[in-house]
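This report describes the fold of one protein chain, going from its sheets to its cores and cavities. Please look at the structure before reading on.

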Amino acid sequence: MKNKLLLISLFLIVGWTNCYAQQEADFESHTIPKELKVNANAVVRNSNIIITIKDYDEVEVVTDRLVTVLNKDGERDINAIEHYDSSTKIKKMEATIYDADGNKVTRFKNGDFKDVSSVSSGTLYSDNRVKYLDYTPRDYPFTVHFKSTVLLKSTAFLPSWMPLEYYNTSTELSSFKVINESDIEIKFKESHLAEYEISKNGLLDYTATNLPAVDYQSYSPDFTTYGPFVKIALKQFKMQGVDGMNNEWSDFGKWMNDQLLSDVGVLPESVKKEIKELTINAKTEKEKAKIVYEFMQDRSRYISVQVGIGGWKPIDATEVHNMSYGDCKGLSNYTKALLNEVGISSYHAVLYGGNNIRNIDSEFSSTQGNHMILYVPELDNEKDFWLECTSKTSPFGYIAGFTDDRDALVVTENGGEILHTTVYKTEDNTQESSAVIMVHKDGSASASLEMVTRGYQYSFRDHLETYSIKDLIKKYKSYWSHLNGLSITDASALSDKEQIQVVEKASVTVSRYGSKTGNLLLIQPVFFNRNENEPTRYKNRQNDFEIDRGYIDTDVYEINLENGLSIDALPEPVEINSKFGVYKLSITDSGDGKLKVHRYLRINKGYFDKEDYEAYREFRATLVKHDKSKAVLKVD
């Protein structure tokens with residue numbers, strides 16, 4: 001009895017130790033400290049990772065992990081999962097499930113885990129697989145104790161440590177230790193450990209305790225920019241049987257070029273001849289490159305192909321040409337081979353693709369990134385062209401929305417270099433609307449609109465060209481849902497790839513535009529482009545916030561009043577200037593029964609202190625209020 005009490009006492013003091021491996025684990029969900037349940041969907045009770053470097057081509061990763069899942073959303077934090085392929089062997093994998101009272105519910109052995117391809121259905125073929133725990137709980141909370149041992153023969157990708165794993169997950173205890181039994185030097189980078197009071201027990205030996213969950217808050221920067229983590233990499237490594245060196249980006253890039261990219265750019269003679277004939281009359285290098293890019297777009301399509309050396313080596317340019325498809329690596333490599341045939345230099349570029357901006361870590365060379373594009377350094381004395389080769393519709397050199405404004409690894413024959421992709425300036429990210437509106441005495445209205453969108457905002461609307469009239473009308477009804485009784489009688493959207501702009505036109509009728517009160521008719525002059533929603537209010541803003549892209553909207557409306565309507569009162573002109581942007585609105589009587597509406601909104605890109613968030617929220621709330629401002633008309 002004394003021994004059992006001692007075990008329970010030790011558990012309560014230091015969290016999960018070896019006692020939780022016993023078949024009859026004695027725990028209850030209320031033993032989790034109260035502060036760790038705040039904003040938490042799951043609590044990492046104990047996560048212990050030990051990485052043993054046996055050689056540059058042999059690394060063992062032992063994971064012992066206990067997670068209490070508090071609700072449905074917390075299931076994503078179980079992480080009872082391991083990937084494997086020809087160079088990654090799962091030596092051990094097991095999991096035990098406990099209910100809220102600490103009673104064992106079930107146990108999973110290695111063969112009980114789901115075993116599936118680790119890539120999506122959009123992937124043609126892949127040699128990567130994944131085993132994961134497939135468990136449906138009866139109720140919450142429940143606890144998962146997961147253990148695994150994995151042997152890596154391909155050592156280019158080593159686990160990082162994030163003791164605070166993601167939003168809405170707290171950590172009671174997490175440890176990470178690297179044991180180096182080899183003579184290979186380990187690179188590592190520590191970030192934000194001091195801010196979270198994480199203990200360093202020795203070289204590459206860490207412990208984190210009682211880290212409260214971080215609640216997701218809108219406009220937060222990427223989690224990796226402020227969360228605690230440790231990255232590791234070997235200076236000498238092996239990737240799928242190929243030796244590599246990684247002292248810095250220059251030699252890592254040199255390795256990529258020599259081992260992964262140098263032998264995949266050969267094209268069939270017939271293709272070489274065809275592309276030279278297509279570009280023979282091009283008057284400039286840019287025109288020539290554009291012809292090549294559009295040739296690639298017209299005759300190929302994107303499909304994921306996760307094979308080759310760690311999924312990093314592109315398939316041959318000849319194979320891409322013959323099959324007319326490829327992944328980001330294959331299509332970028334194919335385009336590079338075509339450009340090379342017409343005398344234009346280009347280079348593979350690896351980065352993190354996504355709508356949210358994430359940089360390759362320029363201070364830590366390693367296998368990073370999830371996407372490849374192509375970099376063309378110069379055309380006709382114009383610098384820095386970036387080509388997104390997976391898109392069949394993007395204009396030449398346009399990359400806004402998925403790969404813009406971030407650091408990328410550019411791979412050349414001389415090595416790797418970190419360069420920044422195209423930044424779309426606020427002044428260029430424009431949406432210009434002009435409309436003629438007719439308001440009738442019964443409160444109905446009709447309007448015709450033309451809207452031109454450029455820069456980063458082009459990426460929101462270029463796809464509309466492919467919509468049917470039916471789908472386009474459906475889209476506009478959603479976009480202008482603030483207009484009561486909206487009917488769209490005509491609509492079109494045309495993407496101009498030369499000017500890189502979308503021109504949209506629409507004709508609409510609105511049966512309940514104005515609201516009548518006696519002989520007065522109230523209307524909202526900001527007809528089409530309104531701010532409808534305010535940013536979320538937070539009692540305790542935890543993070544700084546970021547507006548990652550700026551833009552400018554300009555709206556000019558002419559509102560014509562039917563005979564029998566006259567102006568009774570108009571809102572006062574508004575001009576707001578702040579660090580977050582500029583807003584101007586004027587509604588004026590231009591005579592002859594017409595109103596003129598001029599609206600200007602500029603939102604500035606920037607990184608702001610969390611103390612400024614409430615001021616930003618109030619700025620946006622003010623825009624909503626003025627966009628809904630009313631004019632009063634008299635009905636004769």
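In this predicted model, four strands form an open sheet in the order 29-30-38-33, and their pairing is antiparallel. Its edges are strand 29 (515-517) and strand 33 (565-569), each of which pairs on one side only. From one strand to the next, the twist averages 35°. Strand 29 pairs with strand 30 (residues 520-523) in the antiparallel sense over three bridges. Within strand 30, Leu521 is the residue opposite Lys516.

Another open sheet has eight strands, ordered 27-28-26-25-32-36-35-34, and its pairing is mixed. Here the edge strands are strand 27 (486-496) and strand 34 (574-578), and each pairs on one side only. The twist in this sheet averages 10° from one strand to the next. Strand 26 (residues 445-454) and strand 28 (residues 501-510) are joined in the antiparallel sense by ten bridges. Opposite Thr453 stands Val502 of strand 28. As background, the strands of a sheet pair through backbone hydrogen bonds, either parallel or antiparallel.

Two helices lie across strands of the eight-strand order given above. The table lists them.

| Helix | Strands it lies across | Angle |
|---|---|---|
| Helix 8 (residues 469-479) | strand 25 (430-439), strand 26, strand 27, strand 28 | about 110° to strand 27 |
| Helix 9 (residues 613-627) | strand 32 (551-561), strand 34, strand 35 (581-591), strand 36 (594-603) | about 15° to strand 35 |

Elsewhere in the chain, strand 11 (residues 186-191) and strand 14 run antiparallel and are joined by six bridges. One bridge pairs Ser191 with Phe229 in strand 14. Is strand 14 (residues 229-234) enclosed or open to the outside? Six of its six residues are buried, so strand 14 is largely enclosed by the rest of the structure. Phe229, Lys231 and Ala233 point one way from strand 14, while Val230, Ile232 and Leu234 point the other way, and all of these are buried.

Ile232 also belongs to the largest nonpolar core, which has 63 residues. Together with Ile51, Leu133, Phe176 and Met256, Ile232 is among the residues that touch the most other members. The element that gives the most to this core is helix 2 (residues 249-261), with six residues. Apart from this core lies another, of 50 residues, including Leu472, Ile559, Tyr613 and Ala631. In soluble globular proteins, nonpolar side chains tend to be buried together.

Which residues does Ile51 touch, leaving aside those up to four places away in sequence? Its contacts are Val59, Glu60, Val61, Pro159, Phe176, Lys177, Val178, Ile179 and Ile232.

The model also holds enclosed empty space, with a count of four cavities of 30 Å³ or more. The largest cavity has about 50 Å³ of space. Its lining includes Ala233 and Leu234, which point opposite ways from strand 14. Others in the lining are Thr155, Ala156, Leu158, Phe237, Asn246, Phe252, Ser366 and Thr367.

Finally, some values describe the whole chain. It has nine helices and 38 strands, and 52% of its 636 residues count as buried. Its C-alpha atoms fill a box of roughly 95 × 75 × 40 Å, taken along the principal axes. Among contacts with a separation of 6 or more, 71% are between residues 24 or more positions apart.

How values were computed: Residues numbered from 1 in each chain as written. Predicted model: local features only at pLDDT ≥ 70, side-chain atom pairs only at ≥ 80, totals over all residues. Heavy atoms only, no water. Core = buried A, V, L, I, M, F, W, Y, C linked by side-chain atoms within 4.5 Å. Buried < 20%, exposed > 50% of the residue type's maximum accessible area, 1.4 Å probe, protein only. Contact = heavy atoms within 4.5 Å. Pairing = 2+ DSSP bridges. Axes fitted to C-alpha atoms, helices over the stretch in contact; angles between N-to-C directions. 1 Å grid on protein atoms, 1.4 Å probe; cavity = no way out; pocket = protein on both sides within 12 Å on 5 of 7 lines; lining within 4 Å. Points joined across faces, edges and corners; volume = space filled by probe spheres on them.
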